[in-house]
Amino acid sequence: MKAALYYGPGKVKVEQIPEPEPKEGQIKVKIAWNGICGSDLHAYLAHIPPYATADVPNDVTGAILPVTLGHEFSGTIVGHGGGIDGDKWRIGQNVIIEPLVSCLKESCTYCAAGTRNVCRSATFIGIGGWGGGLAEYIAVDTRYVHILPDGISLEVGAMIEPLAVAYYAVKKSGFKPGQTALIVGGGPIGLLVLKVLRAMDPASVIIQSEPASGRRALALKHGATSVVDPLAPSADGLPSSSTLHTAVMELTNGVGVDVAFDAAGIQASIDAALFNVRPRGTFVNVAIWEESPRVNMNLITAREINVTATMAYTGVHPEVLEVVASGRIQGLEDLVTKKICIDDVVEQGIMALLTEKDKQVKILVHP
């Protein structure tokens, strides 16, 4: 079968590899769609997050490079390994994969507590090994599989994993209806945070900061109260950072937002998010960073800002599927700006997302 293999930064090749066969406790899935994630871009540029390496096997999967890329994917069950309940996992049934994997050892404090995402060995299918969504098929343990409810397309199914990231971030932020929020970054995760917030409260003030005009337009379409270009100079000629601050102050009666999310992961984004949080408000980092930022601890201290972060998600996929199936979150397909075949994954996928940020948001790949 065809698969997009990751050899290291700048090295992704579509090659023929053996088609997997399901083992005991596994199902075989024919992959329909896989979304290219920001972490795939980080890996292409800088080997972040920690992928498998060429010589040291991954703690959980035992894999070494190359590994099959892709962790945002949906598909259809086409085969069973031994010990599978065929009534629950029916051939022809559409499913999604929750790709977070961890050691699952009884001695692991975090896995035992149900917080697998902070297990010291945590990784992802499509990052640490065990196949990936940028392939024609995958054989996967049923513990990582969720049935896709009727009425949700396979394209939307491929959006559930990043939606779970956004849903978990909002849940951990403690955001409540009636509060105000700032989202710095209008890429897929930033826009999905917006959609989750808007599903919780149709009327709250939500401000989105994003330099790409196409993404700002999508933010307005999907419910942002106001969108700001953080690079635009202010009317009085002050530095561009004051443009966002002015908008926040006008919309929050000079107080600042209750919750700020950093979905960009650059120095300017964390500075802007923290600067615009009200005293005793909350800052949530959702981004993956290529370089660690400097953090203004005096600002955090002076305002007693609650600072937290999220590592992917844990235990929210069933809730997310129910929210989408109920219609409380709609229009996910509107965030898909391109669909491509696997042969074009580098030039029309990864490179397009790196160089066409004004036009591209979420690119789905059909293996």
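Here is a short tour of the structure, stop by stop.

Before you click, note that this is a predicted model, where local features need pLDDT of at least 70, side-chain atom pairs count only at pLDDT 80 or more, and totals for chains, interfaces and linings use all residues. Residues are numbered from 1 along each chain as its sequence is written, and side-chain values use heavy atoms, with hydrogens and water left out.

**Stop 1: the nonpolar core.** Select Leu-163, Leu-197, Phe-261 and Tyr-313: these have the most contacts inside the largest nonpolar core, which has 74 residues. (Such a core is a set of buried Ala, Val, Leu, Ile, Met, Phe, Trp, Tyr and Cys residues joined through side-chain atoms within 4.5 Å; buried means under 20% relative accessible area with a 1.4 Å probe, protein chains only.) Now add helix 4 (residues 160-173), which gives the largest share, nine residues. (Helices are DSSP runs of H or I, at least four residues, and strands are runs of E, at least two, numbered from the N terminus.) Color domain 1 (2-148 + 332-365) and domain 2 (164-309): both give residues to this core, so it lies between them. The domain bounds come from an automatic or database domain assignment.

**Stop 2: Thr-68.** You'll find Thr-68 in strand 4 (residues 67-68). Thr-68 is buried, at 8% relative accessibility. Its C-alpha is 8.6 Å from that of Ile-125, 57 residues apart along the chain.

**Stop 3: Gln-360.** Head for the loop between helix 11 (345-355) and strand 18 (362-366), where Gln-360 sits. Gln-360 is buried too, with a relative accessible area of 6%.

Key
Buried < 20%, exposed > 50% of the residue type's maximum accessible area, 1.4 Å probe, protein only.
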